[in-house]
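Let's take a walk through this structure together, starting at a metal site and ending at a pocket. Have your viewer ready.

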Amino acid sequence: MMRQYELVERVQRYKPDVNEALLNKAYVYAMQKHGHQKRASGDPFFSHPLEVAAILTEMRMDEATIAVALLHDTIEDTTATRQEIDELFGPDIGRLVEGLTKLSKLDLVSKKAEQAENLRKLLLAISEDVRVLLVKLADRLHNMRTLDHMRSDKRVRIAEETMEIYAPLAGRMGMQDMREELEELAFRTINPEAHRTVTERLKDVFERNRNVIAEIERALLTLFEKYGIEVQVKSRQKKPWSVFRKMETKALSFEQLSDIFGFRVIVGTIEGCYLALGAIHTTWSMVPGRFKDYISTPKQNDYRSIHTTIVGPSRQRVELQIRTRDMDEVAEYGVAAHSLYKDSAARATGPSSDTNAYAWLRRTIEQLSEGDSPEDFLENTKLELFHDQVFCFTPKGMLIALPRGATPIDFAYAVHTDIGDTCVGAKVNGRIMPLMTELKNGDEVDIIRSKAQVPPAAWESVVVTGKARSAIRRATKNAIRKQYSGLGTRILERAFERAGKAFSKEKLKPVLHRLARKDVEDVLAAVGRGELASGDVVKAVFPDYKDERITQTAPRQREEGWYNLRNAAGMLFQIPGRASKKKGAAEGGEKGEGAVPIRGVRGDLPVRFAPEGAVPGDRIVGIMQPGSGITIYPIQSPSLTAFDDQPERWIDVRWDIDETTRERFPARISVTAINAPGSLAEIAQVVAANDANIHTLSMVRTAPDFTEMAIDLEVWDLKHLNRLLSQLKDNAIVSEAKRVNG
Ligand code: MN
């Protein structure tokens with residue numbers, strides 16, 4: 001295991017003014033926190049963060065990044081907390097370590113091919129800082145290097161994830177060495193047989209051509225000496241994975257692959273690169289179509305190099321990459337190399353294409369090379385791609401992508417419509433949170449469900465996803481329909497009872513066509529809405545039945561078998577059901593299994609008030625109104641005489657409210673007052689002083705001296721209304737104050 005001083009020395013080699021104290025503190029803290037924890041290999045756990053730090057020193061990262069590497073598993077795996085790390089190392093390092101903790105959830109995600117792209121996006125979105133991503137990649141690299149100690153099923157899953165997500169990401173960040181090594185390690189695990197075969201063939205080819213390679217290298221060096229170009233030549237061999245992929249994608253045999261041998265020519269300057277190219281092309285013939293100049297036109301990930309393939313001294317094809325040292329650094333370490341990259345002035349900027357999803361990285365790199373202090377830039381670089389999306393997890397680790405601003409309700413509907421419809425609450429990262437909470441990247445969302453739930457219509461304005469919105473709309477419609485059909489059932493039960501017949505839904509089936517309804521539910525809802533008279537249904541089922549038209553007096557209120565109706569304001573009414581045979585339930589004081597709670601939804605209420613209102617304390621009656629369910633009238637209302645000859649429209653209703661019900665109810669009053677300046681204001685004053693609300697006010701009649709006005713009020717109950725009326729009467733400007741239709 002690397003010693004503390006060795007780590008510091010490594011960083012010192014490329015950053016002489018390193019903050020030693022920070023590195024030492026992070027080393028000791030992480031070592032103590034991980035204590036006796038062991039890795040699967042049996043090594044002390046601390047060897048892992050230390051190796052991750054070492055990988056990052058190879059990439060010459062600043063000491064903050066190295067410290068983060070040392071600390072990266074502390075929050076996740078030890079007693080360390082964000083707060084403690086903030087206190088000891090400052091909030092910047094705390095933030096980075098927390099970013100890695102969030103990313104560690106990715107390792108729990110079950111492997112699903114369609115999730116790969118989402119995962120890549122998530123990685124970018126929650127990394128926020130390039131350094132988090134760099135540490136994550138180094139972390140993954142070390143885990144891949146030590147993969148052999150894992151259980152085999154786990155090993156394959158991790159390798160596949162590496163191949164699908166981390167290796168391409170490293171490539172897109174310009175870190176070719178990292179990408180190649182990740183691919184190699186993953187290839188070996190995923191397809192050991194293919195890996196072995198290709199590796200052996202490559203080794204064989206290399207052995208057989210050992211002399212040729214040396215010969216080419218010598219020839220190149222001689223050539224450059226002759227032209228006076230100072231170069232360094234490195235031979236390189238294709239990696240088994242890239243050979244294998246080429247064989248697969250291009251359907252080539254091993255022998256057909258031309259570019260198994262390659263050389264990298266490192267030149268001091270850009271001019272030198274073109275000089276070297278000229279020297280090579282005048283000495284050996286080039287293979288047409290294989291020349292690429294990524295110096296004048298860099299790749300999106302900022303890769304710059306000249307590529308060419310020649311027919312070499314022994315007639316084999318040889319691939320050459322010509323580049324400067326800086327370019328070589330970038331090619332190897334990608335974004336990480338930019339902390340050392342100073343060649344911005346000499347750089348040819350090619351046309352950049354914003355269509356590439358990874359153009360951000362290019363912009364990042366451009367800014368990086370222009371900044372005064374690359375370290376500062378690294379620190380402040382936010383990865384802004386995908387900022388219009390958030391990525392959250394189910395408790396089982398499934399990843400859900402949502403638009404920004406999404407709530408747990410959107411999340412629930414994204415998982416499944418049933419989950420959305422039955423959602424009553426949510427735990428976000430283990431804590432119960434309001435359903436309106438805006439979700440953040442990496443949140444784990446656990447939906448609390450209840451079968452009894454009906455999604456409130458108000459959710460429609462809270463959610464941001466179309467799926468949630470349309471599902472809520474559908475559920476709301478169904479709920480309204482259910483309320484109407486429940487109400488219809490009660491009404492029919494009563495109508496059949498009056499006719500001395502027993503009601504059952506079965507009896508409706510044979511008469512659907514006569515009622516011109518498509519199914520039983522449709523009949524019930526139509527009766528509930530008042531579109532279909534209950535008497536007509538009775539007559540349809542029993543054509544011989546003679547309606548004796550018993551004139552109905554004021555409905556009697558019974559104590560048993562009442563059903564609940566609730567309107568939008570939360571007011572609860574009850575209507576009677578069948579004279580209860582299920583006495584037990586009713587006597588038990590329960591709402592009963594047949595209870596029909598009617599909840600108002602978006603104005604589409606089964607229950608509404610007559611224009612003159614009704615308040616608790618009034619005896620009330622309901623009248624079925626075609627298309628709108630029940631209208632509530634005070635029983636003394638003269639308007640009721642209009643329904644005297646339609647007894648089937650009368651419904652018993654009663655209040656079901658108590659002291660805890662803090663709702664106001666509508667009532668209309670008529671006030672006659674003296675025409676004097678300020679009299680209207682004075683009346684308003686009396687109403688307000690009595691804790692009532694004026695809803696509307698209109699002039700009924702004006703005489704020179706007096707004005708009669710109708711005022712629609714909202715009051716608590718009858719007592720409240722009467723008190724208000726007497727206060728008004730006591731006022732000198734008021735000659736009369738009375739309830740309308742009261
Ligand atoms: Mn780790």
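How are the donor residues of the manganese ion spaced in sequence? Reading along the chain of this predicted model, they follow the pattern H-x23-H-D-x65-D. H48 lies in helix 3, which covers residues 47–58, while D139 belongs to helix 9, residues 130–145, so this pair ties together parts that are 91 residues apart in sequence.

Now zoom in on the ion itself. Two histidines, H48 and H72, each coordinate the manganese through NE2, and D73 and D139 do so through OD. The distances run from 2.2 to 2.3 Å. If you colour by accessibility, you will find both H48 and D139 buried.

Next, turn to the largest pocket, which has a volume of about 1000 Å³. Its lining counts 35 residues, and the closest to its centre are R179, E180, R236, H307 and Q321. Why does this pocket lie between two domains? Domain 1 (4–191) and domain 2 (194–336) both give residues to the lining, so the pocket lies between them.

Which elements build the wall? Helix 11 (176–190) is one of several that supply at least two lining residues each, and with five residues it makes the largest share. Others that supply at least two include helix 10 (152–172), strand 1 (231–237), helix 14 (240–249), strand 4 (306–311), strand 5 (317–324) and helix 16 (325–333).

For anyone thinking about the chemistry of the lining, the split by class is 19 charged, twelve polar and four nonpolar residues.

How values were computed. Residues are numbered from 1 along each chain as its sequence is written. This is a predicted model: local features need pLDDT of at least 70, side-chain atom pairs count only at pLDDT 80 or more; totals for chains, interfaces and linings use all residues. Side-chain values use heavy atoms; hydrogens and water are left out. Donors are N, O and S atoms within 2.8 Å of the metal (3.2 Å for Na, K and Ca); water is not among the atoms, so sites may look incomplete. Helices (H or I, at least four residues) and strands (E, at least two) are DSSP runs, numbered from the N terminus. Buried means under 20% relative accessible area, exposed over 50%, partly exposed in between (1.4 Å probe, protein chains only). On a 1 Å grid over the protein atoms alone, a cavity is a set of points where a 1.4 Å probe fits but cannot get out, and a pocket is an open set with protein on both sides within 12 Å along at least five of seven lines; lining residues have an atom within 4 Å of a point. Grid points are joined across faces, edges and corners, and a volume is the space filled by probe spheres set on the points. Ala, Val, Leu, Ile, Met, Phe, Trp, Tyr, Cys and Pro count as nonpolar, Asp, Glu, Lys and Arg as charged, and the others, Gly among them, as polar. Domain bounds come from an automatic or database domain assignment.
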